Amino acid sequence: MELWCRACRRKYGINEPIWRCGCGSPLDVHIDSQFPRDRIVKRRPNLWRYREALPLEDEVRVVSFDEGFTPLIFRNFRGFRVAFKLEYLFPTGSFKDRGASLLVSKVRELGIQEVVEDSSGNAAAAIAAYCAASGITCHIYVPETASSSKLTQIRMYGARLVKVPGSRQDTARAAFEAAEKSYYASHYWNPFFFQGTKTFAFEVWEQLGFRVPHNLIIPVGHGTLLLGAHFGFQELKASGMVKETPRIFAVQSENCCPLFRVFHEGLTYLPQIAKKESLAEGIGISQPLRWKQILEAVKSSQGTFLKVSEEEIVSSLRELSHQGFFLEPTSAVAPAAL
Ligand SMILES: [Zn+2]
């Protein structure tokens with residue numbers, strides 16, 4: 001197990017307490033994952049059943065709320081037979097618990113006492129909850145204008161809130177500066193967060209009878225779930241568990257779709273976009289850090305980028321609610337693309 005930089009090819013030990021490369025680029029975990037199926041199926045139905053594929057050295061450090069192994073439900077939707085992975089059924093309400101459980105467990109293993117995260121939504125709630133469970137001090141940077149319901153949840157976990165005037169970018173900058181002297185438990189910078197979100201792929205594989213789907217339709221902003229799923233499917237292939245990986249259809253909202261533009265306009269840079277408000281606030285990311293990596297993942301899967309309008313998000317949300325799924329609008333973006 002090692003930490004690898006894709007930009008400068010430098011490698012670091014897995015237990016170095018760093019969250020980015022000396023060259024300033026993000027890092028990825030390189031791991032030789034194993035999938036002992038006979039043992040996996042006998043374990044508790046949570047994401048830690050794939051422990052031979054997770055970069056933790058001692059299970060004693062695991063911080064878990066029994067998260068993961070979310071249901072995979074088949075429904076007829078808009079003329080298609082679709083498997084819905086119910087990622088809203090997590091202890092703090094989103095798939096971010098995958099990343100938070102893994103990352104905070106690793107933070108404990110590294111002996112780090114204090115972390116920084118910036119988000120006014122699900123990622124901050126997840127990091128705050130797992131830090132609370134492990135006695136780690138957690139500083140959450142939020143825009144001064146952040147809405148109150150998520151902040152209430154974050155506060156309930158005892159996180160220290162730092163309100164930053166200005167834009168979302170200003171908040172990210174303030175957190176980044178604080179993280180230089182601390183440890184950045186970021187859902188888009190930190191390589192261990194993606195080691196948690198990759199378990200999405202393992203669960204889908206197991207729940208489909210140890211097979212992978214032909215197509216994966218997934219919302220994308222920072223790519224926290226998309227890249228995790230990509231890493232997971234790649235590891236299943238590398239270890240000989242599957243021969244193919246799914247074609248990835250990455251969906252953005254029309255009001256904030258930089259990745260859609262890069263892909264379809266053949267751009268070699270991330271365009272400056274005038275971001276408009278969208279119901280899909282969870283993926284309203286105008287400057288995704290790992291944009292090149294996301295593009296490569298989708299391209300290598302023979303997939304594509306799609307975009308949906310606000311009206312399409314609303315009608316998707318309504319149709320899903322009639323099928324028994326009560327979601328936040330960001331999650332309705334993927335079915336909206338069908
Ligand atoms: Zn580097």
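Colleague: How much area does the chain expose, and what share of it do carbon and sulfur atoms supply?

Modeller: The chain exposes about 15000 Å², and carbon and sulfur atoms supply 49% of that area. Keep in mind that this is a predicted model.

Colleague: Thanks. What percentage of the residues count as buried?

Modeller: Burial is read from relative accessible area, with buried meaning under 20% and exposed meaning over 50%. Of the 338 residues here, 56% count as buried.

Colleague: Which secondary structure elements does the chain have, and how many of each?

Modeller: There are 12 helices and 11 strands. The radius of gyration is 19 Å, close to the 20 Å that the globule rule gives for 338 residues, so the chain is as compact as a globular protein of that length. For the overall dimensions, the C-alpha trace spans about 50 × 50 × 40 Å along its principal axes.

Colleague: How do I read the contacts in terms of sequence separation?

Modeller: Take the contacts with a separation of 6 or more, and look at the share from residues 24 or more positions apart. In this chain that share is 66%.

Colleague: And the charges: how far apart are the mean positions of the positive and negative ones?

Modeller: They are 3 Å apart, with 41 positive and 35 negative charges in the chain.

Colleague: Where does UniProt place a domain?

Modeller: The unreviewed UniProt entry places "domain: Tryptophan synthase beta chain-like PALP" at residues 64-338. Over residues 64-338 the model is 42% helix and 17% strand, and the end C-alpha atoms of that stretch are 34 Å apart.

Colleague: Let's turn to backbone angles. Which residues have a positive phi although they are not glycines?

Modeller: Two to look at are Phe69, with a phi of about 50 degrees, and Phe210, with a phi of about 65 degrees. Phe69 lies in the loop between α1 (37-40) and β4 (72-77), while Phe210 is found in the loop between α7 (199-207) and β9 (215-219).

Colleague: Is Phe210 buried or exposed?

Modeller: Buried: Phe210 has a relative accessible area of 18%, and the cut-off for buried is under 20%. Phe69 has a relative accessible area of 23%, so that residue is partly exposed.

Colleague: How should I read a helix such as α9? Which of its residues are buried?

Modeller: List the buried residues, then ask what covers them. In α9 (residues 258-265) the buried ones are Pro258, Leu259, Phe260 and Val262. Their cover includes β10 (247-253), α10 (291-300) and β11 (304-308). Just after α9 comes Gly266, with a positive phi of about 65 degrees.

Colleague: What does Ser278 touch, leaving out residues up to four places away in sequence?

Modeller: Ser278 touches Ser253, Asn255, Glu310 and Ile313. Ser278 lies in the loop between α9 and α10 and counts as buried at 16% relative accessibility. You can also set sequence distance beside spatial distance: Ser278 and Cys256 are 22 residues apart in sequence, and their C-alpha atoms are 7.6 Å apart in space.

Colleague: Can we try that reading elsewhere? How far apart are Arg173 and Asp118 in sequence and in space?

Modeller: Arg173 and Asp118 are 55 residues apart in sequence and 9.2 Å apart in space, C-alpha to C-alpha. Arg173 lies in helix α5 (residues 168-179) and counts as partly exposed at 45% relative accessibility.

Colleague: One more, please. Where is Gly240 found?

Modeller: Gly240 is in the loop between α8 (224-238) and β10. Gly240 is exposed, with a relative accessible area of 58%. From Gly240 to Phe35 there are 205 residues in sequence, and the C-alpha to C-alpha distance is 9.5 Å.

Methods: Residues numbered from 1 in each chain as written. Predicted model: local features only at pLDDT ≥ 70, side-chain atom pairs only at ≥ 80, totals over all residues. Heavy atoms only, no water. Helix = DSSP H or I, 4+ residues; strand = E, 2+ residues; numbered from the N terminus. Rg over C-alpha atoms; globule rule 2.2 N^0.38 Å. Buried < 20%, exposed > 50% of the residue type's maximum accessible area, 1.4 Å probe, protein only. Contact = heavy atoms within 4.5 Å. Areas by Shrake-Rupley, 256 points an atom, 1.4 Å probe, with all protein chains shown as cover. Lys, Arg positive; Asp, Glu negative; His and termini not counted. Charge placed at Lys NZ, Arg CZ, Asp CG, Glu CD. UniProt positions renumbered as here; feature names shortened; annotations may be inferred.
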